[in-house]
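This report concerns a single model and considers its cysteines, its strand pairing and its nonpolar cores. The sequence and coordinates are shown first.

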Amino acid sequence: MLDSNADDLVAMADLLEPFAIRVAATLRLADHMAAGVTTGAGLAKKVGAHPATLKKLLRYLVSRGIFRWSEERGYEVTDLGAPLLEDAPGSVRRRLSMDGLLGLAELGLVGLLHTVRTGEAGYKAAFGRDFWHDVSDVPDDANVLAEEVAKELAGDGHLIVHCYDWSGVRRVLDVGGGNGTVLIELARAHSHLHGAVLDLPGMAKAAAQRIEQCGLGDRCETVEGSFLDPIPPGFDVYLLSAILCDWPDDDAIKILRRCGEAAGAEGRVLVADMNLIYDDDDADAARMNLLLTGTVPVPVRTLKQLKRLGSAAGLELSWEGPTTRRRTLLEFRAH
C-alpha cells in the first residue's frame with residue numbers, strides 16, 4: 001500500500017505533462033496539424049521552434065495519447081487532443097495557452113513556495129513582474145483577452161448594475177475595467193449613462209473592440225493608462241470592480257487616493273470588491289482560493305478592512321450596499 005501511495009503522489013506531482021500540453025496549446029500544434037502540417041520539420045518551421053526539441057515534445061504527447069503518428073499520415077490529433085483545436089466544441093486552447101490570462105495565472109504557481117512562506121503573490125517572485133502587466137503585454141491581447149475572459153458579469157457583478165442608484169450619474173469611469181464587461185452591462189441597463197474604461201494598453205484595446213462590437217461606441221470609450229498614476233477627472237463615479245483584491249494595502253490605498261483626487265468634492269468612488277468567502281469542504285473553492293493567492297496579493301478582505309483602506313486614502317464612507325458571499329459594494333467621497 002505504501003508503494004502504491006508513493007507512486008500516486010509522484011504521478012500527481014508530475015509537472016511535465018501539464019506543461020507539455022500547455023506548450024502545445026500555445027503553439028497551436030493541433031490547429032497546424034488539422035491544416036495539413038503533419039511533419040516534425042514542417043511544424044517546427046510553422047511555429048518557430050527548435051526542430052529536434054519539438055520532436056521530443058511531439059513524441060511525448062503521442063505517448064500520452066494526445067497526438068498520433070504514422071509513417072503514412074505523419075502527426076494527427078486524437079480524440080483526446082481534439083479540445084486543443086481552436087474551433088472545437090468546448091475548446092480549451094485559449095484557457096491553456098501561456099499567452100492568455102488564465103494560462104499566465106496558473107504559470108504563477110511556480111512561485112507557490114514563496115507565497116506559502118510569505119503570503120505574497122508568487123507570480124512576481126517567479127517572473128519579476130506583476131501579473132497584470134504581463135497580461136497586458138501578451139501577444140494578440142486585444143483578441144485573446146476579449147474572448148477569453150467571461151463576457152457576462154461574474155462574482156455577483158450584477159450588484160453593481162442593479163443595486164446602486166445610477167439615476168443621477170451621467171459619466172462613470174471603470175478604473176481597471178479590463179475588457180469592458182461591466183461598463184457594457186451598465187450602458188445596456190442605463191441608457192442615459194456614458195462612460196469609459198481605464199486600463200493598460202492591452203486591456204484597453206480589448207475593451208475598445210468589445211464596445212464597438214456591442215454598438216456602444218457613441219456612449220462608451222477607453223483610456224489607456226495606469227490607476228497608480230493620476231486618473232482623468234470629470235467623471236461622476238469612479239468604479240473599482242474587483243481591483244483592490246489584486247493589490248497589497250499600500251498600493252490599494254494609492255489607487256483609492258488617485259480615484260478620490262480625480263473625483264474631487266462632487267464625485268464618488270464606488271468600490272465593488274471581491275468578498276470570496278469559501279466553504280472549508282468545497283474542493284473547487286479551495287483550488288481557486290489557492291490559485292488566486294498565488295497570483296495576486298490579497299484576494300480576500302473583510303468589509304472592515306476595506307473601510308479602513310478608504311479612510312487611509314482620505315475618503316469617507318457615504319453609502320453601504322448589499323454584501324454577498326462574493327461581492328461588497330461601498331461608496332466613498334472625498335473629505
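Is Cys163 buried, partly exposed or exposed? In this predicted model, Cys163 is partly exposed, at a relative accessible area of 30%. Cys220, by contrast, is buried, because its relative accessible area of 5% is under 20%.

| Residue | Relative accessible area | Class |
|---|---|---|
| Cys163 | 30% | partly exposed |
| Cys220 | 5% | buried |

A search of the whole structure yields zero disulfides. Cys220 accordingly belongs to none; the nearest cysteine sulfur is that of Cys214, at 9.2 Å.

Strand pairing is considered next. Strands β4 (residues 194–199) and β5 (residues 220–224) run parallel and are joined by five bridges. Between these two strands the chain passes through helix α14 (residues 201–213), forming a right-handed β-α-β crossover. Within the pairing, Val223 of β5 is the residue opposite Leu198.

The largest nonpolar core has 28 residues, of which Val175, Ile231, Tyr238, Leu240, Leu256 and Val269 touch the most other members. At least two residues each come from β3 (171–175), β4, β6 (237–241), α15 (249–263), β7 (268–272), α17 (303–312) and β9 (330–334). The greatest contribution is that of α15, with seven residues. A second core of 23 residues lies apart from the largest one and includes Leu183, Leu186, Leu193 and Ile211.

Which residues does Tyr238 contact, leaving aside its neighbours within four places in sequence? The contacts of Tyr238 are Leu173, Val175, Ile231, Pro232, Pro233, Cys259, Ala262, Ala263, Arg268, Val269 and Leu270.

Definitions and conventions
Residues numbered from 1 in each chain as written. Predicted model: local features only at pLDDT ≥ 70, side-chain atom pairs only at ≥ 80, totals over all residues. Heavy atoms only, no water. Pairing = 2+ DSSP bridges. Helix = DSSP H or I, 4+ residues; strand = E, 2+ residues; numbered from the N terminus. Right-handed = clockwise from strand over helix to strand, strands pointing away. Disulfide = S-S within 2.5 Å. Buried < 20%, exposed > 50% of the residue type's maximum accessible area, 1.4 Å probe, protein only. Core = buried A, V, L, I, M, F, W, Y, C linked by side-chain atoms within 4.5 Å. Contact = heavy atoms within 4.5 Å.
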